[in-house]
Amino acid sequence: MAEPLFTPEEQKKFDAGIAEILSHYPSDRKSAGMLPALRLLQDLKGWLPPEGLRLVAKNLEVTPERAYEVASFYVMYHLKKPGKYVIDVCTNLSCSLWGAEKMLAYLEQKLGLTAGETNDKFTLRETECLASCGTAPCLQINEDHHERLTQAKLDAILARLS
Amino acid sequence: MASTAKAVEPVISAAWGKPQSWTLDSYRSRGGYDGLKRALSMEPAAIIDEVKKSNLRGRGGAGFPTGMKWSFVPKDSPKPKYLAVNGDESEPGTFKDRYILENDPHMMLEGIAIASYALGVHTCYVYLRGEFKFQAERTQAAIDEAYKAGIFGKSLMGKEGFALDCFLVRGAGAYICGEETALLESLEGKKGWPRLKPPFPAVVGLFGSPTVVNNVETLASVPPILAKGAEWYAKLGTEKSGGTHLVCLSGSVNRPGVYEVGMHTTILELIHDDKYGQGMPKGRKVKAVIPGGSSAPVLGADELDVALEFEALKMKQTMAGSGGVIVMDDATCMVRSLWRVARFYAEESCGQCTPCREGTPWQTRLLRKIEEGRAELSDIDMLSNVASSIAPYPPIGLGNTICALGDAAALPTHSFLMRFRDEFEAHVREHRCPFGDRPWGSFGDWS
């Protein structure tokens, strides 16, 4: 038998989370909870495994295709298991004017990854504007934001990631 | 430049940087929720009139008069009405709403409460871009405080029989969801494909019900209007645009950041004044400025003595947009800059309309070819043609697509070509980027 998707603990969190999400919408609009439900699943599992997508769809009373359609539209959902740390580097205009392309090149060299690639520990991605243009250059690591990055600051942040 | 620009008394950013400014206690100690108190003693129609008289215009990009938007909601609708807050802040160069959420979220929540009471709304959804984790935590904490204090919930700050629920929803990484109908689709749990308009959301919005969509800063501007009066607010601004506004300064300036300025403040003042940008890095000159987020047509160095305000920028065939001012200095390659902007729109096109879905990557390919010195002169004409097929220019707003993302993707191309065509041609002539391996100049710590 395949391993179950959730541990009992995770199952409890998932069920409570879904109930909370559905309470925010009219009772005939369960499908509106799709984005928060996918986030809930990703927070529990680190990504969106296919059986998880089916479970979300069942809870929101839509087809699994619908869950997949939404999951594949938004860049923050992981349809493949990412590295332990997902590093999103903004290279948009304001960040590039403060050296973001060079910062990305430095990261690529330091991590031995090209933007878009994943190894066991890291997923490195180039991303779009993160609303830190005034504190450029910036990046996010698993949704935690880091701004006004210098090489020394970046090295210190990376050193803390075990 | 010394500090010669006329300073304004901050309306929105007054508490930023003060200890615990994001808490309800702090907000109340500054007269917070006094505007709501006054609103609850008024007729809903009178509140809408007050906002109309204030000349408040939407701060999300389009600059539509807020009171008028509110007045489009049918009063006799049998369906529930909704308020959706647009906190999707994703336009490159724009980073102001996050500071409201981080520093003074109750200001927006009070605006939500006032708007909801005026409109007869009992459910509000605050939609924040997915990347705003910290901002979402802080906003949720403020919402929780407001419930606990009896502001939200069964009776709106003690108003018997008027319930107001407020729910926070996080997006998941899609620029298009800042477009108001795409935002509604996303709130309904779908991919963010914009809807055809009309019908407008005020009539058919969330779940098919009348819905007002307002930007974070717009709603945060409402409490002071109610507390101090529309006349006072209108007087702070120009004839057609009331109040003060937040502008986001980024790119090649010494002190980038968010500044609250009067509508009269010019781009030159914003860049050079000691209160704001404090000028350019040593030895550099301004080459170009994008005045309202990356969608706004670029201006050249000789066009910057213009107020950062809807009407003044419209006269220059550009726009105030979302307040994102991006400065490029004379060491910056304009082809490289436009290529980067074009890549953004290609990445963020939702894929619904052919001109945008096909045109945005086409622009990107042509720009890469030019930047890498592989293009011919005819490629520049082709680039112009592709942009025109998405949306001709001028004027702004002729796009061939369902939503304004098409215009947003074409306007930079048109305006860069209009003002810096010689630089594009130099790339073709020299078969390389004239800026060599330093297309961004050498500014900041990574130079």
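## A first look at two helices

In which hand does α3(B) pass α6(B) at their crossing? The crossing is left-handed. Before going further, please keep in mind that this is a predicted model.

Helix α3 of chain B covers residues 44-53, and helix α6 of chain B covers residues 105-119. Their axes come within 7 Å and cross at roughly 125 degrees. That angle makes α3(B) oblique to α6(B), because it lies neither in the 65 to 115 degree range of roughly perpendicular pairs nor over 145, where pairs count as roughly antiparallel. On the α3(B) side, the residues that meet the partner helix are Pro44(B), Ile47(B) and Ile48(B). They face Ile114(B), Tyr117(B) and Ala118(B) in α6(B). By class, this contact has six nonpolar residues, with no polar and no charged ones.

## A second helix pair in chain B

Further along chain B you will find helix α15 (residues 354-371) and helix α16 (residues 377-390). Here the axes come within 9 Å and cross at roughly 160 degrees. An angle over 145 degrees counts as roughly antiparallel, and α15(B) and α16(B) are therefore roughly antiparallel to each other. Their crossing is left-handed.

The residues of α15(B) in this contact include Trp362(B), Leu366(B), Leu367(B) and Ile370(B). Among those they meet in α16(B) are Ile380(B), Met382(B), Leu383(B) and Val386(B). Sorted by class, the contact of α15(B) with α16(B) has 12 nonpolar, three polar and two charged residues.

## A buried glycine in a loop

Gly277(B) is worth a visit too. Look for it in the loop of chain B between α12 (267-272) and β7 (286-290). Is Gly277(B) buried or exposed? Gly277(B) counts as buried because it has 26 C-beta neighbours inside 10 Å, and the cut-off for burial is 20 or more.

Some of its surroundings come from elsewhere in the sequence. Gly277(B) and Ser250(B) are 27 residues apart in sequence, while their C-alpha atoms are 8.7 Å apart in space. Leaving aside neighbours within four places in sequence, Gly277(B) is in contact with Leu249(B), Val253(B), Asn254(B), Arg255(B), Leu270(B), Ile271(B) and His272(B).

## Getting to know chain A

Chain A has seven helices and four strands. Starting at the N terminus, its elements run α-α-α-α-β-α-α-β-β-β-α. The C-alpha trace of chain A spans about 50 × 35 × 25 Å along its principal axes. Of its 162 residues, 40% count as buried. Of the contacts in chain A with a separation of 6 or more, 54% are between residues 24 or more positions apart.

For a closer view, try helix α4 of chain A, residues 64-73. Its buried residues are Ala67(A), Val70(A), Ala71(A) and Phe73(A). Seen down the axis of α4(A), they fall within an arc of 165 degrees, so they line one face of the helix. An α-helix has 3.6 residues a turn, so residues three or four places apart point the same way. The buried residues of α4(A) pack against α2 (34-45) and α3 (50-60) of chain A.

## Where the chains meet

How many residues does each chain bring to the contact? Chain B gives 51 residues and chain A gives 40. On the chain B side, elements that each supply at least two residues include α7 (133-148), β5 (244-251) and α14 (334-348). The largest share, six residues, comes from α14(B). The side of chain B that touches chain A divides into 21 nonpolar, 18 polar and 12 charged residues.

Definitions and conventions. Residues are numbered from 1 along each chain as its sequence is written. Chains are lettered from A and ligands numbered from 1 in the order in which they are written. This is a predicted model: local features need pLDDT of at least 70, side-chain atom pairs count only at pLDDT 80 or more; totals for chains, interfaces and linings use all residues. Axes are lines fitted to C-alpha atoms, for helices over the stretch in contact, and angles run from 0 to 180 degrees between N-to-C directions. Angles under 35 degrees count as roughly parallel, over 145 as roughly antiparallel, 65 to 115 as roughly perpendicular and the rest as oblique. A crossing is left-handed if the near helix is turned anticlockwise from the far one by less than a right angle, and right-handed if clockwise. Two residues are in contact if their C-beta atoms, placed from the backbone, lie within 7 Å. Ala, Val, Leu, Ile, Met, Phe, Trp, Tyr, Cys and Pro count as nonpolar, Asp, Glu, Lys and Arg as charged, and the others, Gly among them, as polar. A residue is buried if 20 or more other C-beta atoms lie within 10 Å of its own, exposed if 12 or fewer, and partly exposed in between; C-beta atoms are placed from the backbone. The arc is that of the directions from the helix axis to the C-beta atoms.
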